[in-house]
Amino acid sequence: LGGAEVIGPERYWIYRNNYVASLESTLEATYPAIARLVGAENFAFLAHGYCRAHPPCEPSLHAYGGDFAGYVEGIEAAVEELPFLPDLARLEWAVNDAYFAADAEPLLAESLAALAPEDYARLRLALHPTARLIASDYPVWHLWDAEDLAGEFPAEGDHILVLRPDTKVDVILVSPGDHAFLAALGAGAPLG
């Protein structure tokens, strides 16, 4: 090695620790509401465990953490104390996923105006590629924006549309009926 210093196996721990720390930081950036609501120490515990159990499968860090909700669901103590955590993680992942989804032009009302009204019922409309639907038994839309758990939250669950029609992701509380309608359209049902 021509006088170069030989790196022993113990020195690789530095790189390993930096690697895990960067994954944990990625999770914290993707799941800021969970990090805020459970506190730094508890989030560090969740993130560290997740990173050890789920190394990245893709080279891009924006794709890392998609199954964090499932991991959190398996942490019995966390779900017992805060049962909304998996659904909140699903909402936060939907925001991340919508942000990085493919761009597309939304359908404009003028395009529909060219059709005869009697043809509307047969139309099959696809959801925008950035659209994500979340249904929860918990008030995760309200919790997503909460600073802490000290406030009062609705007793009923939330139905949410996550959408990025341009550069900003919108997180919209919708009625259960609107959610069901959008889910049916997304599954390929005709407009009628």
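In this predicted model, helix α6 is largely enclosed by the rest of the structure, because 12 of its 16 residues are buried (under 20% relative accessible area, with a 1.4 Å probe and protein chains only). Helices are DSSP runs of H or I of at least four residues, and strands are runs of E of at least two, numbered from the N terminus. Among the buried residues of α6 are Leu85, Asp87, Leu91, Glu92, Trp93 and Asn96. Residues are numbered from 1 along each chain as its sequence is written. Local features require pLDDT of at least 70 and side-chain atom pairs pLDDT 80 or more, whereas totals for chains, interfaces and linings use all residues, and side-chain values use heavy atoms, without hydrogens and water.

The largest nonpolar core (buried Ala, Val, Leu, Ile, Met, Phe, Trp, Tyr and Cys residues joined through side-chain atoms within 4.5 Å) comprises 39 residues, of which Leu27, Ile34, Phe43, Phe68, Leu91 and Val162 touch the most other members. The largest share of this core, 8 residues, is contributed by α6. Beyond its neighbours within four places in sequence, Leu91 is in contact (heavy atoms within 4.5 Å) with residues including Ile134, Trp141, Trp144 and Val162. Another core, of 5 residues, lies apart from it and includes Leu161, Leu163, Val174 and Leu182.

Key. Buried means under 20% relative accessible area, exposed over 50%, partly exposed in between (1.4 Å probe, protein chains only).
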